[in-house]
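Here are some notes for a colleague who has not looked at this structure before. Please read them with the structure open.

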Amino acid sequence: MNIKKMAIYDSIGKQYKKTRIPDFRIVNKIIELLDLQQGSIIADIGAGTGGYAQAIANLGFSVYAVEPSSVMRTQACSTSQVKWFTGYAEALPLPDKSVDAVISILTIHHFSNLEKSFQEMYRITKSGKIVLLTFDIRLAQKIWLYDYFPWLRENALKFIPLNEIINLIEKNTQTHVESSPLTLPHDLSDLFAAAAWRRPELYLQPEVRAGISSFALADSNLVEAGVKSLTTDLSNGQWEAKYGEIRTYTEIDVGYRFLQATNR
């Protein structure tokens, strides 16, 4: 995570815990992909306020949480199961082979040097196990969100394609990477960018938008224009007429993917 984006999280992180509540289905999938015995040590890179770190620790694991933003770290609960470190993905403050696995959840688009970050993740693992949750809009069906906030799609298209990320991981580690989709349930508790796909009203709430980095990094005039248009269409029934069918869906694939790296 670079200095500019750390500053963003020092700003948006002040209310982060209110809307970025770990979702148990994501936690369970991470545990499934890690396939580790209880008591294993897991490093969480870009741990934020520690929601996922603590949720995983509650299932019987020890977690080393690495986070550069002091605002995010100060909101974390202090427990014996989660040990906190100040640091960046590109220079992890952990010894070689000091953890059983590494996770990083919706963070790698903030890293300033992906090659170095992946090398560092591999360096600190005993087993080479790495599980990432990331996003590639090229794999997603277009949803209503991008009609009101088109810059979200434009910005997301600047992210590195998933196949290139996989190639970078395999090139900079001695691992093989497999991808699996995270289809978003309609009632996710972790309100990241597309999480409220069936709950458009949530995007009208400033605290929800404040917990999403893509909104925090956007031009405030563009954000307000989209919010105004969405507010109008929700109140006059236009949103329901154009997009209401989506409320009948229970889950949707909008490009989120788990990446599981294991030693070759």
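1. Arg257 is buried, its relative accessible area being 10%. The model is a predicted one, and the value is computed from it. The side chain of Arg257 forms a salt bridge with that of Asp253, at 3.0 Å from N to O. Asp253 is partly exposed, with a relative accessible area of 23%. The cut-off for buried is under 20%, so Arg257 at 10% falls on the buried side, while Asp253 at 23% does not.

2. A salt bridge also joins the side chains of Lys242 and Asp233, with an N to O distance of 3.5 Å. Here the acidic partner, Asp233, is buried at 11% relative accessible area. Lys242 has a relative accessibility of 48% and counts as partly exposed. The limit for exposed is over 50%, so Lys242 at 48% stays in the partly exposed class.

3. Arg123 and Glu120 pair through their side chains in a salt bridge of 2.7 Å, N to O. Why can the two be placed about one helical turn apart? Both lie in helix α6, which covers residues 114–124, and they are 3 residues apart there. Glu120 is buried, with 8% relative accessibility. Arg123 is partly exposed, at a relative accessible area of 23%.

4. How many salt bridges does a search of the whole structure find? The search gives 14. Besides the pairs described above, there is a network of salt bridges that links Asp23, Arg25 and Asp187.

5. Helix α9 spans residues 162–172, and its buried residues are Leu162, Ile165, Ile166, Leu168, Ile169, Glu170 and Asn172. Among the elements that cover these buried residues is α6, the helix that holds Arg123 and Glu120. The cover also includes the strands β5 (125–135), β6 (175–181) and β9 (256–263). Arg257, discussed in the opening point, is a buried residue whose number falls within the range of β9.

6. Is Gln54 buried or exposed? Gln54 sits in helix α4, residues 51–57, and is buried, with a relative accessible area of 15%. Its side chain makes a polar contact of 2.9 Å with the side chain of Thr79. Apart from neighbours within four places in sequence, Gln54 touches Cys77, Thr79, Gln81 and Val82. Thr79 therefore appears both as the polar partner and in the list of contacts, as a polar contact is a pair of N or O atoms within 3.5 Å and a contact needs heavy atoms within 4.5 Å.

Definitions and conventions: Residues are numbered from 1 along each chain as its sequence is written. This is a predicted model: local features need pLDDT of at least 70, side-chain atom pairs count only at pLDDT 80 or more; totals for chains, interfaces and linings use all residues. Side-chain values use heavy atoms; hydrogens and water are left out. A salt bridge is a side-chain nitrogen of Lys or Arg within 4 Å of a carboxyl oxygen of Asp or Glu. Helices (H or I, at least four residues) and strands (E, at least two) are DSSP runs, numbered from the N terminus. Buried means under 20% relative accessible area, exposed over 50%, partly exposed in between (1.4 Å probe, protein chains only). A polar contact is a pair of N or O atoms within 3.5 Å; within protein, one must be able to donate a hydrogen and the other to accept it, and residues adjacent in sequence count only if both atoms are side-chain atoms.
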